[in-house]
Amino acid sequence: MEELQKAGLYIDEIYRLRVQDPTIANETIELRQQCLEYSRNLQLFKKFGEDFYKIAYNFSKDVESEKLRAIGTQNQLKTMAKQRQTEQQVYQSQILEQTVELERLKSEYQYLQRIESEQQEIINNFLMNQ
C-alpha cells in the first residue's frame, strides 16, 4: 500500500483505486456539499432581499400616495377656510350696509314724523282759526 501511495495511487474504504488521497477526496466532497448549501442559502437570502425590496417599494408608493392625498385634503381645508372667511366678510359688509340703511331710514322716519307733526299742528291751527 505504501508503494501505491508513493506512486500517487490510493485505495479508498470500498477498495477502489484512486489517484487522490481518500481523506482529501472526502474533504473535497464535504467542501462541495458545504458550498452547495452556502449557495442555496445565498440564493434564499437574495430572494428574501428582493422580496423585502418589493414590499418596501410598494409601501413607499402607498405612503407617497397617502401623503399626496393628505396634502390635497389640507389644501381643500385651507380653501374652504378662506371661502368661509370671505363669506363672513361679505356678510359683515352686508350687515354694516343694512345697519347704515336702517339708521338712515330711522332718521328719515323721525324727520317725517316731525314734518307730519308740524303739518298736523298747522292743520289744527288752521281749523281752529276758521
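Start by selecting Glu 66: this residue is partly exposed, with a relative accessible area of 43%. Keep in mind as you look around that you are viewing a predicted model. Now add Arg 69 to the selection, and you will find its side chain meeting that of Glu 66 in a salt bridge, 3.0 Å from N to O. Why can these two be reached from one another along the helix? Arg 69 and Glu 66 are three residues apart in helix H2, so about one helical turn separates them. Arg 69 itself counts as exposed, because its relative accessibility is 53% and the cut-off for exposed is over 50%.

Next, travel back along helix H2 and pick Glu 37 and Arg 40. Their side chains also meet in a salt bridge, this time at 2.8 Å from N to O. The spacing will look familiar: Glu 37 and Arg 40 are three residues apart in helix H2, about one helical turn. Click on Glu 37 alone and you have a partly exposed residue, with a relative accessible area of 37%.

For the third stop, select Glu 101 and Arg 104. The closest N and O atoms of this salt bridge are 2.6 Å apart. Both residues belong to helix H2 and sit three residues apart, about one turn of the helix. Glu 101 is partly exposed at 33% relative accessibility, and Arg 104 is partly exposed too, with a relative accessible area of 42%. Which residues do salt bridges with shared partners join into one network here? Add Glu 108 to your selection and you have the set: Glu 101, Arg 104 and Glu 108. In general, side chains of opposite charge can pair when their charged atoms come close. Altogether, the count comes to five salt bridges.

Now move to the start of helix H2, which spans 22–129, and select Asp 21 in the loop between that helix and strand S2 (17–18). Asp 21 is partly exposed, with a relative accessible area of 25%. Show Tyr 10 as well: the two residues are 11 apart along the chain, and their C-alpha atoms are separated by 5.9 Å.

Finish by colouring the chain by confidence. The average pLDDT is 91, and 95% of the residues score at least 70. Where is confidence lowest, and where is it highest? Strand S2 has the lowest mean, at 70, while helix H2 has the highest, at 95. Where pLDDT is low, the predicted coordinates should not be read in detail.

How values were computed:
Residues numbered from 1 in each chain as written. Predicted model: local features only at pLDDT ≥ 70, side-chain atom pairs only at ≥ 80, totals over all residues. Heavy atoms only, no water. Helix = DSSP H or I, 4+ residues; strand = E, 2+ residues; numbered from the N terminus. Buried < 20%, exposed > 50% of the residue type's maximum accessible area, 1.4 Å probe, protein only. pLDDT = per-residue confidence, 0-100. Salt bridge = Lys/Arg side-chain N within 4 Å of Asp/Glu carboxyl O.
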